[in-house]
Amino acid sequence: MVEKYKTESQQETIAIATRFGASLPIGAVVLFSGDLGAGKTTFIKGLAKGACDIPASEVISPTFSILNIYKGKKCLFHFDLYRMQNAEDFIAMGFEEYLYPDGITCIEWSERIEQILPAGHYRVHIEHFSESERLISISEEV
Ligand code: ADP
Ligand code: MG
């Protein structure tokens with residue numbers, strides 16, 4: 001089942017993400033797709049609050065670092081793979097263990113490592129219509 005939400009502000013996206021985050025079990029892997037500026041990192045700010053009680057202000061894009069780890073009620077492992085070439089690089093960096101997390105893993109640009117993704121995961125796709133309008137699709141694959 002795919003849930004769809006239309007949002008018209010960053011705050012609305014964060015509110016939906018907070019509710020979704022609160023429903024996530026330990027070990028959840030959430031994959032994000034959508035263009036640069038769609039709102040993937042913004043969504044993760046809300047998810048971090050709902051899932052782990054981590055303040056939105058702590059969540060910043062790990063574009064250069066690839067992985068940020070935030071510690072809250074649960075640990076959040078936040079990847080941005082925009083600069084990663086392929087799954088071999090991901091494995092070589094020792095990141096594979098985060099695909100089976102003792103906490104929650106969020107992966108922006110997960111298409112870079114499609115072939116090694118675990119079967120059970122959530123997908124969040126964000127489409128960008130205008131300065132402030134977004135269509136957010138959330139699904140779970142078991
Ligand atoms: P991404 O991680 O997908 O590259 P970001 O979350 O970093 O995108 O950036 C999204 C930008 O769009 C932010 O500056 C945010 O304030 C803005 N924005 C405007 N409207 C929305 C909305 N409805 N939902 C999410 N972000 C929005
Ligand atoms: Mg981002």
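A residue counts as buried under 20% relative accessible area, as exposed over 50%, and as partly exposed in between, with a 1.4 Å probe applied to protein chains only. By this definition Thr41, at 17% relative accessibility, is buried.

The structure is a predicted model, in which local features need pLDDT of at least 70 and side-chain atom pairs count only at pLDDT 80 or more, whereas totals for chains, interfaces and linings use all residues. Residues are numbered from 1 along each chain as its sequence is written, chains are lettered from A and ligands numbered from 1 in the order in which they are written, and side-chain values use heavy atoms, with hydrogens and water left out.

**The magnesium site**

Thr41 (OG1) and Glu108 (OE) are the protein donors of the magnesium ion (ligand 2), lying 2.2 Å from it. These two residues link distant parts of the chain: Thr41 belongs to helix H2 (residues 40–52) and Glu108 to strand E5 (residues 104–108), 67 residues apart. Helices (H or I, at least four residues) and strands (E, at least two) are DSSP runs, numbered from the N terminus. Glu108 is also buried, at 3% relative accessibility. Donors are N, O and S atoms within 2.8 Å of the metal (3.2 Å for Na, K and Ca); water is not among the atoms, so sites may look incomplete.

**Salt bridges**

A salt bridge is a side-chain nitrogen of Lys or Arg within 4 Å of a carboxyl oxygen of Asp or Glu. The search of the whole structure finds 5 salt bridges, including those in the table.

| Pair | Closest N and O atoms |
|---|---|
| Lys6 and Glu8 | 3.8 Å |
| Lys6 and Glu133 | 3.4 Å |
| Arg123 and Glu141 | 3.3 Å |

Lys6, Glu8 and Glu133 are linked in a network of salt bridges. Within this network, the salt bridge between Lys6 and Glu133 connects distant parts of the chain, with Lys6 in strand E1 (residues 2–7) and Glu133 in the loop between strand E6 (121–128) and strand E7 (134–141), 127 residues apart. Lys6 is partly exposed at 49% relative accessibility, as is Glu8 at 46%, and Glu133 is likewise partly exposed at 26%.

The salt bridge between Arg123 and Glu141 joins strand E6, which holds Arg123, to strand E7, which holds Glu141, the two residues being 18 residues apart. Arg123 is partly exposed, with a relative accessible area of 25%, and Glu141 is partly exposed at 33%.
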